[in-house]
Each structure stands twice: as structure tokens, then as C-alpha cells.
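Here is a short report on one protein chain. Keep the sequence and the 3D view open while reading.

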Amino acid sequence: MRARTQQGPRSSTRQQGGRRRRTVSAAAAMAIGVMTLAALTPSASSASAAVATARPDAVQQALNTLVRDDGMPAALASVKGRDGRTRTYTAGVGDLATGSKVPVGGQVRIGSNTKAFTAVVVLQLVGEGKIALDADIDTYLPGLVRGKGIDGRRITVRQLLQHTSGLPEYGLHIDDDELRHRYFEPRELLDIALRYKADAAPGEKWGYSNTNYLLAGLIVQKVTGRPLAEEIDRRIIKRVGLRHTYFPTPGDKTIREPHPQGYHRNPADGPLRDFTEIDPSAGWAAGQLISTDSDLNRFFGALLAGRLLPAAQLAEMRTTVPVGDSGMRYGLGLTSRPLPCGGVYWGHGGDIPGYETRGGVTEDGRAVNVTVTSIPTDEAAVQHVKDAVDRALCG
């Protein structure tokens with residue numbers, strides 16, 4: 001659940017001042033393979049247009065590059081083009097141990113894209129008059145947020161959603177074994193964060209921290225009296241028909257539907273390890289959801305079309321602050337990024353050990369989401385993921 005200026009929020013490492021800092025632990029990636037060319041073949045769903053294997057299009061070529069040149073075990077994409085048609089793509093293999101095919105439209109862990117879902121629920125409650133964006137945390141969680149330079153009476157709900165609270169990151173202090181196998185209650189994660197001093201004064205600057213969305217989730221639960229997972233399911237997943245999206249139940253380390261295996265490196269130049277099955281509770285409101293590329297396109301498309309929020313709250317969500325000098329801007333759980341062909345696209349993005357997801361939608365309805373099955377560990381691979389998104393939206 002990290003922010004990365006080149007392409008967007010990561011699953012759980014930290015970034016400040018527009019300069020990317022790489023860490024190698026799985027928790028930092030939340031807090032934040034050599035493939036053969038024979039595996040680089042496109043796939044298409046029954047509703048998709050077939051892509052000629054003899055002359056792969058720009059998106060397929062971009063996925064092929066991620067596998068061939070960057071060592072990604074697999075890459076997947078779903079693209080809704082200017083013509084309104086949806087195309088699906090795969091490259092690589094779904095399982096390094098067996099060499100099995102990448103499942104078309106497979107489920108993956110979507111990391112910090114979860115933040116957009118949490119933000120939508122908060123903003124729906126704002127529209128219902130149950131939460132005020134400029135109220136402080138203590139209005140809803142009195143006395144809970146206190147620490148070194150930290151006072152919940154000085155931090156607003158808006159600053160949580162916008163990452164301008166100055167709150168420290170909890171994910172940097174969870175190691176790989178804990179991340180994979182330990183169940184965390186949200187309050188345990190908050191306790192970890194509050195051991196450390198504030199990164200900045202509230203409102204002083206933008207700084208990505210999963211702690212912000214941990215607190216946003218706790219506010220949702222306090223206001224509604226219901227688990228966050230139930231509110232996301234009721235208010236978003238069922239409302240717009242996300243048939244392959246769900247919030248894993250406590251203790252569920254699996255991915256329910258067909259999926260590519262996810263892999264993680266630690267150290268960054270070490271071997272790939274299978275990280276498909278993990279306890280995702282360390283992500284919670286900031287990064288726990290499982291979904292598909294197509295469902296993410298549907299979610300962000302519905303959001304931008306006004307199907308999830310009243311106009312006033314959608315406008316608040318789209319009111320952004322700059323992220324360094326990257327060109328990326330962050331709103332309330334929603335980012336905008338410039339396109340080389342002009343204009344911007346709106347989305348979020350996310351990393352969690354095993355998977356990285358990037359993409360978004362444009363004002364005219366184009367949409368893409370790209371997934372790779374290992375978090376890139378060098379700048380070339382980071383750029384190649386971005387290139388895949390750009391090619392899909394500018395093609």
C-alpha cells in the first residue's frame with residue numbers, strides 16, 4: 001500500500017517529496033522468474049475481441065515485455081476501448097511450479113485499490129449527514145488517537161482520506177512472517193503506528209500512510225455500527241454488480257476463484273517466493289480486497305459516472321493535491337495521472353506482496369487495469385507497467 005510517483009499508490013511502503021524509496025520486506029511492500037517466449041500469448045474472454053498472435057497489439061506487447069524483460073511471472077489486463085468493447089490479455093504463466101496458463105480474468109489481491117472503496121463508503125456517509133469531512137477524528141473516535149506529535153483533535157476526516165494527516169505508517173514495522181501468517185485486529189495496527197512520532201503536522205504536506213485508511217475504516221464502523229466489510233459489500237460491491245470482488249473473512253488466506261499465483265522477492269534481488277496465500281488483515285481498510293481487472297474497471301467507471309456518490313461528494317473526492325513533481329495528484333481515495341496522449345485518467349492502484357495492480361478510467365469511458373504477479377523491484381519494470389496502462393488508454 002505504497003505511494004509511487006511514477007505510477008501511483010503502492011500497497012504499503014512510503015514515499016515523500018516525489019522521490020521513490022524502495023524497501024524489500026513484504027510488510028513494506030504492503031505498507032506498501034525467467035519466462036519463455038512461448039508463454040507470451042494473448043487470451044480473450046467470450047465477450048472480447050480476439051487479438052492476432054502473429055502481430056500482437058500494443059497492450060499485448062507491453063505485457064510481453066513485463067514477462068520477457070522484467071521477470072514478471074505473469075501479467076494480465078482488461079481494457080475497455082474507445083469503441084466500447086472489452087478486451088482481455090494475459091502473458092506468462094499462472095504457476096511457476098506447474099507452468100499452468102494464466103487464467104483469463106483471474107482474481108488477484110488488489111492492495112491499495114481498497115482505499116478507493118473505503119473512501120466511497122465514507123463519502124456516502126458524508127452525503128447522508130453522518131460524517132463531516134472537516135470534523136476531527138475525536139468527533140467519532142474520542143481519545144483514541146494520541147501519540148508523539150499526534151492528536152486526533154487536530155486531524156480531520158478529510159486529511160485522513162487525502163493523506164495529509166502526518167500520521168506514521170504502521171506497515172513498515174511488520175515483518176514478512178507476520179504479514180503472511182498473523183491475523184491483526186485493526187486496533188493492533190493502530191497501536192503499532194502510535195508507537196512512532198508524527199511524520200508532519202496535520203495539513204502540512206502530503207505523505208502516504210496506511211494508518212489514515214485504518215482510521216477511516218474504524219470511523220465507518222463506529223458510525224454505522226456494522227463491520228467495514230459488510231458496508232463495502234452492501235454499498236458498493238452488490239450495488240454495481242462486482243461479481244468477483246470480496247473482502248476476505250478473518251483467517252481466510254486463500255483466493256476463491258481461478259487466479260494466477262503471486263510471488264514476492266526479499267531481498268529485491270533474491271528468488272521469487274510464492275506469496276499467494278497470506279493473511280491480508282494487515283491491509284484491512286487500506287488493502288485487503290480481492291478482485292479482478294474487469295471488476296476494477298467496472299468500479300471506477302461506475303464511480304466516475306456518478307453511480308456511487310452524489311455530485312457534491314464526487315466533486316470532493318476529485319479535489320486533489322499534488323504528489324511531489326510527478327504529475328500525479330491525490331484526492332480523497334482517488335488519484336489523477338496525466339496521459340501522454342493528453343488528459344488524465346482516474347483510479348488508484350495497489351501493491352500487496354504477490355501482486356501489483358495499476359489502471360483507471362478516463363472521462364470518456366475508456367478503462368484499463370493491469371496486474372503483474374510480483375511487485376516490480378527496479379525502475380525499468382515500474383515504467384513498463386506504466387507504459388502498459390498508457391498504451392491501453394491512448395491506443
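Which element gives the most to the lining of the largest pocket? Helix H10 does, with six residues. The model is predicted, and the pockets come first below.

**Pockets**

The largest pocket holds about 330 Å³ of space. Its lining has 17 residues, and the closest to the centre are Lys80, Asn297, Arg298, Gly301 and Gly365. Two elements give two or more residues to this lining: strand S5 (74-80) and helix H10 (293-304).

The second largest pocket holds about 210 Å³. Here Tyr183, Phe247, Pro250, Trp284 and Gln288 lie nearest the centre, out of 15 lining residues.

The table sets out the lining classes.

| Pocket | Nonpolar | Polar | Charged |
|---|---|---|---|
| Largest pocket | five residues | eight residues | four residues |
| Second largest pocket | 10 residues | four residues | one residue |

**Nonpolar cores**

In soluble globular proteins, nonpolar side chains tend to be buried together. The largest nonpolar core in this model has 80 residues. Phe117, Leu215, Phe299, Leu303 and Met317 have the most contacts inside it. Helix H3 (residues 113-127) gives the most to this core, with nine residues.

What does Met317 touch, leaving out residues up to four places away in sequence? Its partners include Ala116, Ala119, Val120 and Leu123. Leu303 and Leu309 are also among them. So are Gly331, Leu332, Gly333 and Leu334.

A second, separate core has 21 residues, including Val59, Val368, Val370 and Val372.

**Helix H2**

Is helix H2 (residues 58-68) largely enclosed or largely open? Eight of its 11 residues are buried, so H2 is largely enclosed by the rest of the structure. The buried residues are Val59, Gln60, Ala62, Leu63, Asn64, Thr65, Leu66 and Val67. They pack against two strands named by their ranges, S6 (86-92) and S19 (367-372), as well as against S5 and helix H12 (379-394). Val59 is thus listed twice: among the buried residues of H2 and in the second core. S5 also recurs, as a packing partner of H2 and as a contributor to the largest pocket's lining.

**Confidence**

The mean pLDDT of the chain is 88. Of its residues, 86% reach 70 or more. Two stretches fall low. Over residues 1-24 the pLDDT is below 50, and this stretch has 148 contacts in the model beyond near neighbours in sequence. Over residues 31-55 the pLDDT stays under 50, with 63 contacts beyond four places in sequence.

Note on methods: Residues are numbered from 1 along each chain as its sequence is written. Side-chain values use heavy atoms; hydrogens and water are left out. On a 1 Å grid over the protein atoms alone, a cavity is a set of points where a 1.4 Å probe fits but cannot get out, and a pocket is an open set with protein on both sides within 12 Å along at least five of seven lines; lining residues have an atom within 4 Å of a point. Grid points are joined across faces, edges and corners, and a volume is the space filled by probe spheres set on the points. Helices (H or I, at least four residues) and strands (E, at least two) are DSSP runs, numbered from the N terminus. Ala, Val, Leu, Ile, Met, Phe, Trp, Tyr, Cys and Pro count as nonpolar, Asp, Glu, Lys and Arg as charged, and the others, Gly among them, as polar. A nonpolar core is a set of buried Ala, Val, Leu, Ile, Met, Phe, Trp, Tyr and Cys residues joined through side-chain atoms within 4.5 Å. Buried means under 20% relative accessible area, exposed over 50%, partly exposed in between (1.4 Å probe, protein chains only). Contact means heavy atoms within 4.5 Å. pLDDT is the predictor's confidence in each residue, from 0 to 100.
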